[in-house]
Every structure is written in structure tokens, then in C-alpha cells.
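Reader: I am new to this structure and would like to understand the words used for it. Could you walk me through them?

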Amino acid sequence: MRKADILLGLQWGDEGKGKMVDFLTPKYDIIARFQGGPNAGHTLEFEGQKYVLRSIPSGIFQGGKINLIGNGVVLDPVLFRKEAEELAQSGHQLHDCLYISKKAHLILPTHRLLDQANEAAKGKAKIGTTGKGIGPTYTDKISRNGLRVGDILDRFEEKYALAHQRHMEMIYSLNEAAVAKGGTPVSLDGLESLEQEWMQAIDYLRQFHLIDSEHFVNKALAQDQTILCEGAQGSLLDVDFGSYPFVTSSNTICAGACTGLGIAPSRIGEVYGIFKAYCTRVGSGPFPTELFDETGKKIRYIGHEYGAVTGRERRCGWIDLVALRYTIMLNGVTQLLMMKSDVLDTFPVIKACTAYRINGELTRDFPFSIDENVEPVYEELPGWQTDLTHCTKQEELPQAFINYVNFLERELNTPIKIISVGPDREATIWRE
Ligand code: GDP
Ligand code: IMO
Ligand code: MG
């Protein structure tokens, strides 16, 4: 019996998961997304082309692989259709290579409105969600009100009408509360046409292989097939362990692959933990190493740190080893992949946060809450000031960069096996 490997983000998302899943795909038979939905934006670049995937796994470009959208994913049929049709236009037909779990939950148009209404109700305390209806869809799942992909195969209109009615009552009541507080209610304009488009997208979805994916995955493992589980978001956005409540609504850590695909913990093999050489975050919430100065702006500019889904500016800062040690622990990471090393090429000094000072006390453990009392303690290392994008193998990497990598390995107590030095598939270096 084979074990499934997992690749997941260790920070606040956008670590470069799409690029690395695509890079590792040749080693696998099946690539499976296990949580999240179109809040994800996974970017891949190769042969001069750039693609951003939201719901579709990043294994579709290497040919001959099965890609699976697992039960833990939430799927918006309209966005899915758009994504699939755009890929078809660029010559990537998905009907044979994409399977979808019948137990994946559906994002309704009203879920998106509820996402907006919830954010509006929070006012200044808003989470800064991607607005894709993620929170309300997972809320319906947990409160046992959700609609699943498998539901579209039988008397779906009836089930939809009930969910619609329930959501409308919630939206009316949230709107009333908003008006009472002097806020702006969520507009229902255009909802009817959105629902029509959504229903057409449901018909489109019916053309795909809708399967009992837990059986599929376990049979594949029993037949010695290899599986790579693709995470979305990052561990610091995990609903249990992230910077709650500024998190997403799913378990982004490796346990999410067990529940999101039906793979037993004893069947997990390698856990690839992916991180950037610095740190970014989109949306609200604490970020101890955030930089508000020119250095932060420079990282954003060089790293093109703008959201792949919303186009929002990503907040940028130095690498946070306290947070990384925490997420490596939670995930049982067996190998690290370090991304966007080239973005730091021109910095004379690189800083790394090795501990937090909280009310005068030093700690290396990630605390319950991160607030203004948490002060990052930095170690400074000399920058390499060399263009890494020209490096194609380990021997070509400058000594100052190797020193930085060795320092991180010591601090994190985990081997860094892959170094990424550019967005392209080829700009990737294996370390022995
Ligand atoms: P994901 O959500 O984890 O898949 O990451 P995103 O695609 O949202 O963001 C990562 C961004 O960095 C994308 O634009 C990638 O093309 C880009 N990228 C990935 N690896 C590297 C790298 O090593 N260097 C540079 N400069 N860009 C990279
Ligand atoms: P990938 O897979 C970065 C953030 C949002 C917001 C919070 C909650 O590309 O790394 P949600 O819409 O999920 O309810 O928003 O989570 N967020 C992400 N940040 N990368 C992502 O995905 C994200 N998905 C959600 O910005 O702060
Ligand atoms: Mg992303």
C-alpha cells in the first residue's frame, strides 16, 4: 500500500504552491486538492505562458495525470466553468483528466452575498476575505445545511430552492441590522441573472467525472499509485491553528488532507512544507514581522506581491521563524521548499525573526494571540547580492546564500530540499 504525499503552505498563503505542485507532478499519478476553493490563486509559469488556477489542481499541465477536486474543497460552478473553459481555449481539455468528488460542497451565489454581508457587519474588524463565499459555504457544511456536488444528480432544483430561501432570510436580517447601524445593505440587484448563470454552470459540471473520491483515492493507493495532495492557503490561515479569527474557514494543515480526501493518517508519506524567503499576508490580521518602510515596499515591488485572485497589495515583511517552527511542527514537515529566494538578491542585509519578545520575555513558541505586545527579535545575516536567477544548480549558488539556507535549516531543524529562484518551472534547484 502506497502512502500519499502532501504539499502545503507554511505561511499566510501565496508561497508558490502552484509552481511546486506543477514541478513535482511528473513523480505522481494523481494530484488532489483537499480544501479551500476559489479563494486560492495558484500561479504557474512555463514555456513563456502564465496560468492562475483557483479550483483546479496544479497537475493538469504535465499530461497523463489524474487531477482530483476532493471532498474537502468548496466549488463555485460559475468560477469553475470559467476556469475550465479558459484552459480548454488554451488547449488543455479537462474532461478526461479531471475528477470531482461528489462530497465537495457547492458555493451558491447567495453564499457570496452572505460573505459580503458578514464582512460589512464586522466593520473595522473585517477579515478582508476574498469575497468568494468561502466562510458561509463551510458554515453551511458544518451546520449540516450545505449542498454537495452529488446533490446535482437528483432533484436538485428542490434542494436549491430550500437553500436559497434560507439564505435570503439571513441576508434580509443582516441587511436590516446594517441599516439600523447606519451601514450599507448588500445589494440584491442582478441576483436572478447570477442564479441563472449558476444553474447553467451546474449543467456544465454534470459533464465531468463526479465520483466517490474516497474510494478512488484508497483504491489508487492500494494499487501502488502515487498521489500528491495539494494544499491551498497556508497553515497560518488554518481555522484551528492560524491567527484566528483572521483565517480562512478550512483546515489548511496536513490533517486537512486526511479529512479532505479520506486518506488515513497512517497513509501519509512525505510532507513538503513550502515557504518564501520572506513573508507576506493579504487581508487583515496580525503579522509580527510586517515592514511598513521602504524595505517592505521594495520586497513588494521586486516580488510582485499582489494577490492572484483579488489583485490586492500583499503586506510584506521578513521571514518569521517562530511561526515557521510552529507550522512545521503542526504539519510534521519532512522536507522544506524555499521560494522566491531571488527577490532578496539586492538586499545588503537579510533579517530573520528568531524569537518574539512578549512583555519583556523572550519566547520561541508561537503564542495564543498575536497583538501589539509581540515584538519580533531579529538575527541579521549578510545578503548575497548576486543574481540568483542565473543559477541552475546547487554548485552555482553564492556562499552567502548557502550560509542563509544553512542558518534556516539549523533554526527550523528540517532539511531544505528545493530552492526556487524564479517563477518559471525551470527556475528550480534540487539540493543534495
Ligand atoms: P500559491 O498561491 O502558493 O500557488 O502562490 P501564488 O501563485 O499566489 O504566488 C506566488 C507568486 O510568486 C506567483 O506569481 C509565482 O509565479 C511567483 N513565484 C513562485 N516562485 C517564485 C520564485 O522563486 N521567484 C519569484 N521571483 N517568483 C516566484
Ligand atoms: P492561496 O491558495 C493568501 C486569506 C484572505 C483573508 C482570509 C479569509 O493562493 O495561497 P476567505 O476568502 O478564505 O474567507 O478569506 O484568508 N486568503 C488567502 N491569502 N492566499 C490564499 O490562497 C488565500 N485564501 C484566503 O485574504 O485574509
Ligand atoms: Mg495564491
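Author: Happy to; here are a helix pair and two ligand shells, taken in turn. Please keep in mind that this is a predicted model.

Reader: Why is helix H2 called oblique to helix H6?

Author: The axes of H2 (residues 77-89) and H6 (residues 191-205) cross at roughly 60° and come within 8 Å. Roughly parallel needs an angle under 35 degrees, and roughly perpendicular starts at 65. The crossing angle fits neither class, so H2 is oblique to H6. The crossing of H2 past H6 is left-handed.

Reader: Which residues make the contact of H2 with H6?

Author: From H2 come Pro77, Val78, Phe80 and Arg81, while H6 gives Glu197, Trp198, Ala201, Ile202, Tyr204 and Leu205.

Reader: What makes the residues of that contact nonpolar, polar or charged?

Author: They divide into 8 nonpolar, 2 charged and no polar residues. Arg and Glu count as charged, so Arg81 and Glu197 are the charged residues here.

Reader: Now the ligands: which residues are closest to ligand 1?

Author: Lys17, Gly18, Thr43, Ser420 and Pro423 are the closest of the 23 residues that surround ligand 1. Helix H1 (17-24) and strand E3 (42-46) each give two or more residues to this shell. By class, the shell around ligand 1 has 10 polar, 7 charged and 6 nonpolar residues.

Reader: And what surrounds ligand 2?

Author: Ligand 2 is surrounded by 23 residues, with Gly13, Ala40, Thr130, Thr248 and Gly283 the closest. That shell holds 14 polar, 7 nonpolar and 2 charged residues. Gly counts as polar, so Gly13 and Gly283 belong to the polar class.

Notes: Residues numbered from 1 in each chain as written. Chains lettered and ligands numbered in written order. Predicted model: local features only at pLDDT ≥ 70, side-chain atom pairs only at ≥ 80, totals over all residues. Axes fitted to C-alpha atoms, helices over the stretch in contact; angles between N-to-C directions. Helix = DSSP H or I, 4+ residues; strand = E, 2+ residues; numbered from the N terminus. Parallel < 35°, antiparallel > 145°, perpendicular 65-115°, else oblique. Left-handed = near helix turned anticlockwise from the far one by under 90°. Contact = placed C-beta atoms within 7 Å. Near = placed C-beta within 6 Å.
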